[in-house]
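The following exercises concern strand order, nonpolar cores, helix packing and a single buried side chain. Please work through each task before reading its solution.

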Amino acid sequence: MAEKKKPYYITTAIAYTSGKPHIGNTYEAVLADAIARFKRKEGYDVFFQTGTDEHGQKIEDKAAAAGVTPKEYVDKVAGEIKGIWDLMNTSYDKFIRTTDEYHEAEVAKIFKKFYDQGDIYKGYYEGMYCTPCESFWTESQLVDGKCPDCGREVKPAKEEAYFFKMGKYADRLIEHINSHPEFIQPVSRKNEMMNNFLLKGLQDLCVSRTSFKWGIQVPFDKKHVVYVWLDALTNYITGLGYSADGNHGEKYKKYWPADLHLIGKDIIRFHTIYWPIFLMALGEPLPKQIFGHPWLLQGDGKMSKSKGNVIYADDLVRLFGVDAVRFFVLHEMPFDNDGQISWELVAERYNSELANVLGNLVSRTVAMISKYFGGTVERGLSAEEDPDSEFKTTVRGTAEKVRAKADSLHIADAITEIFSLFRRANKYIDETMPWALAKDEGKRARLNDVLYNLSEAILTGASLLDSFMPETSEKIFAAFGAGNRTIEECSSFGLCERITVTPAPALFARVDFKALEPEIEKICEEQRKSAASQAAGTAKGDAAAKGNGASLGDVPEKSANVAKNAPASASSSAAEEYPEISIDDFAKVRLQVGEIIACEKVPKSSKLLHETVKFGNETRSVVSGIAKYYTPEEMIGKKVVFVTNLKPVKLCGILSEGMILAAEDESGRLSLVVSDKDELDSGASIR
């Protein structure tokens with residue numbers, strides 16, 4: 001009988017649907033995904049939940065400004081958020097929305113349960129109110145007269161409200177925190193909560209509002225809606241099937257209490273004080289650990305659309321690819337200090353770590369095995385020499401180092417250990433000099449062993465990397481004709497009797513930051529225009545969202561390497577976009593006939609196809625946004641005109657080395673520009 005897997009439940013904070021999340025918000029989902037994937041690799045039965053927080057005054061105000069209902073507004077933003085999480089290849093098991101009917105019904109029952117058992121009472125609240133945080137503050141709690149959480153303006157407010165008796169459970173919570181040192185991480189967050197809040201004495205918490213309607217109604221007092229944090233925090237149990245009536249679902253029985261709530265440090269108070277007290281009042285176990293991760297900051301820490309310096313995940317992916325963005329946010333974020341991000345820093349890390357260290361290692365190893373042995377090397381054909389023993393020890397020892405770092409949530413350090421292995425493999429190449437061994441036929445067995453050892457190291461590294469950069473690891477497995485290894489297998493060496501490689505495009509081709517700057521400036525300028533439009537009160541609905549960047553889940557059509565002719569009835573303003581050019585201008589564009597020899601859909605995208613195209617003796621990879629017009633099967637065998645001297649780019653992590661040509665009429669019908677003579681050779685130039 002197979003051993004029963006131990007359950008592991010991990011959550012992110014649910015994202016607030018006030019707008020499109022920037023890269024700092026996205027980091028949390030990627031970090032949770034990396035932890036969830038690694039736990040699965042360790043053999044746990046993982047349940048990973050994320051989602052969206054969709055009620056509150058801020059949503060009601062934004063919906064009114066956009067001229068839509070609150071539900072229409074959150075439907076759109078929740079779709080954007082889910083699209084980004086999908087784009088970043090997050091492997092969540094549940095995406096909960098607080099507008100889900102089952103969640104709303106359970107929150108209403110929980111509120112009544114608290115009221116019936118005397119934890120909630122009605123009163124009046126008077127104080128300084130912060131709308132973005134949806135929190136009341138006393139004058140003494142303000143910092144320089146502003147909200148202590150977000151630093152924004154507050155205003156006097158008074159309203160009838162229900163209150164939760166926080167003090168009733170405060171001593172129990174203090175005892176729990178003291179007896180469970182792992183409960184709040186890092187330790188600095190624990191000290192902050194104890195010294196600034198719990199030990200000073202807790203005030204009763206306002207848990208309802210009457211000044212707006214967009215929320216879950218209090219079941220016995222319809223003019224009140226449930227405080228947004230009571231609503232939001234309970235998602236961690238309602239998403240599993242918690243029932244206030246005691247009829248819990250199987251997932252709740254299996255996975256609660258949560259092993260890890262992963263949240264931003266700015267909402268640590270809600271999760272380490274309010275949430276545990278709510279659970280105590282429900283009679284439910286507390287989560288095992290709450291980790292308040294630091295922030296990913298840009299420059300002085302302030303991202304602003306008006307400055308044009310907000311960075312979004314989909315824009316980064318368009319220029320660098322999914323796994324490169326995952327690598328950056330996971331590797332550059334310290335355990336308990338804020339990290340930094342900029343376009344230039346992402347490009348620098350891309351070149352120094354991904355292209356130089358990993359990409360170069362894989363390319364060199366595959367090329368040498370192909371050149372010297374026709375693609376296949378075997379295990380142990382000669383006696384071990386220096387530095388083989390030390391090299392193999394390094395490879396075998398990496399797995400436990402990575403496990404120790406990942407289990408303590410030091411994900412950046414875990415990735416550093418893996419890249420230390422890749423660096424050691426590059427050094428091994430320099431030490432053994434395979435190119436020199438290849439010149440001596442008598443050292444052919446030694447050359448085989450060197451390249452085999454390198455391949456084993458790469459496969460071990462790729463297997464450990466797959467939780468953090470899954471697409472990259474899959475490409476490495478495909479290139480070396482081997483599968484993913486368990487952590488236990490990674491602690492061994494020489495698992496494959498023989499290894500056969502398949503040459504493939506470079507994992508990470510170096511990028512020229514100077515060449516990317518015009519595109520980056522375009523993105524920033526769109527943000528500035530959007531901010532100016534909204535400030536003038538002219539941006540509404542989709543028009544406002546358009547300035548924020550690409551539609552989510554797919555690469556924008558113009559970036560998907562499809563060139564389309566303008567409709568025949570183009571207006572004069574459209575005509576001005578195409579000024580007269582000289583024959584010299586036209587001569588700068590290289591047009592060739594390419595034969596499509598393979599084609600497949602791009603995962604995570606509804607628009608993109610990935611074509612393998614033959615141009616004479618050369619084969620290229622091209623990504624095109626034509627999936628809604630052509631199936632992969634239809635594309636194979638076609639001879640189509642391509643632009644072949646465009647700078648290569650990565651789209652959804654796939655290298656695109658050309659642009660397919662197509663025509664589109666006013667009704668949206670699209671047709672490829674094809675050769676009318678099938679006998680025309682691929683690679684033929686268009687003159």
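Contact is taken here to mean heavy atoms within 4.5 Å. The model is predicted.

**Exercise 1.** Determine which residues phenylalanine 320 is in contact with, leaving aside its neighbours within four places in sequence, and place this residue in its nonpolar core.

*Solution.* Step 1: beyond the excluded neighbours, the contacts of phenylalanine 320 are Trp343, Val346, Ala347, Tyr350, Val511, Leu516 and Lys650. Step 2: the largest nonpolar core has 114 residues, and Phe320, Phe468 and Phe480 are those that touch the most other members. Step 3: the greatest contribution to this core comes from helix α13 (residues 343-373), which supplies 15 residues. Step 4: a separate second core, of 55 residues, has Phe183, Val226, Trp229 and Ile263 among its members.

**Exercise 2.** Establish the order of the strands in the four-stranded open sheet and identify its edges.

*Solution.* Step 1: the order is β6-β5-β7-β9, with antiparallel pairing. Step 2: β6 (135-137) and β9 (205-206) each have a single partner strand, so they stand at the edges and one side of each lacks a neighbour in the sheet. Step 3: strands β5 (residues 120-130) and β7 (residues 155-164) run antiparallel and are joined by ten bridges. Step 4: within this pairing, tyrosine 125 lies opposite glutamate 159 of β7.

**Exercise 3.** Carry out the analogous analysis for the three-stranded open sheet.

*Solution.* Step 1: its strands follow the order β10-β12-β11, again with antiparallel pairing. Step 2: β10 (208-209) and β11 (217-218) are the edge strands, each pairing on one side only. Step 3: β11 is joined to β12 (residues 221-226) by two bridges. Step 4: valine 218 has aspartate 221 in β12 as its bridge partner.

**Exercise 4.** Classify the packing of helix α2 against helix α3 and describe the contact.

*Solution.* Step 1: the axes of α2 (residues 57-66) and α3 (residues 70-87) are 8 Å apart and make an angle of about 95°. Step 2: angles of 65 to 115 degrees count as roughly perpendicular, so α2 is roughly perpendicular to α3. Step 3: α2 contributes Ile59, Lys62, Ala63 and Ala66, while α3 contributes Pro70, Tyr73 and Val74. Step 4: by class, this contact comprises six nonpolar residues, one charged residue and no polar residues.

**Exercise 5.** Is arginine 446 buried or exposed, and in which helix is arginine 446 found?

*Solution.* Step 1: arginine 446 belongs to helix α17 (residues 444-465). Step 2: buried means under 20% relative accessible area; arginine 446 has 8% and is therefore buried. Step 3: leaving aside neighbours within four places in sequence, arginine 446 is in contact with Ser382, Glu385, Asp386, Asp388, Tyr428, Thr432 and Leu437.

Notes: Residues numbered from 1 in each chain as written. Predicted model: local features only at pLDDT ≥ 70, side-chain atom pairs only at ≥ 80, totals over all residues. Heavy atoms only, no water. Pairing = 2+ DSSP bridges. Core = buried A, V, L, I, M, F, W, Y, C linked by side-chain atoms within 4.5 Å. Buried < 20%, exposed > 50% of the residue type's maximum accessible area, 1.4 Å probe, protein only. Axes fitted to C-alpha atoms, helices over the stretch in contact; angles between N-to-C directions. Parallel < 35°, antiparallel > 145°, perpendicular 65-115°, else oblique. Nonpolar A, V, L, I, M, F, W, Y, C, P; charged D, E, K, R; others polar.
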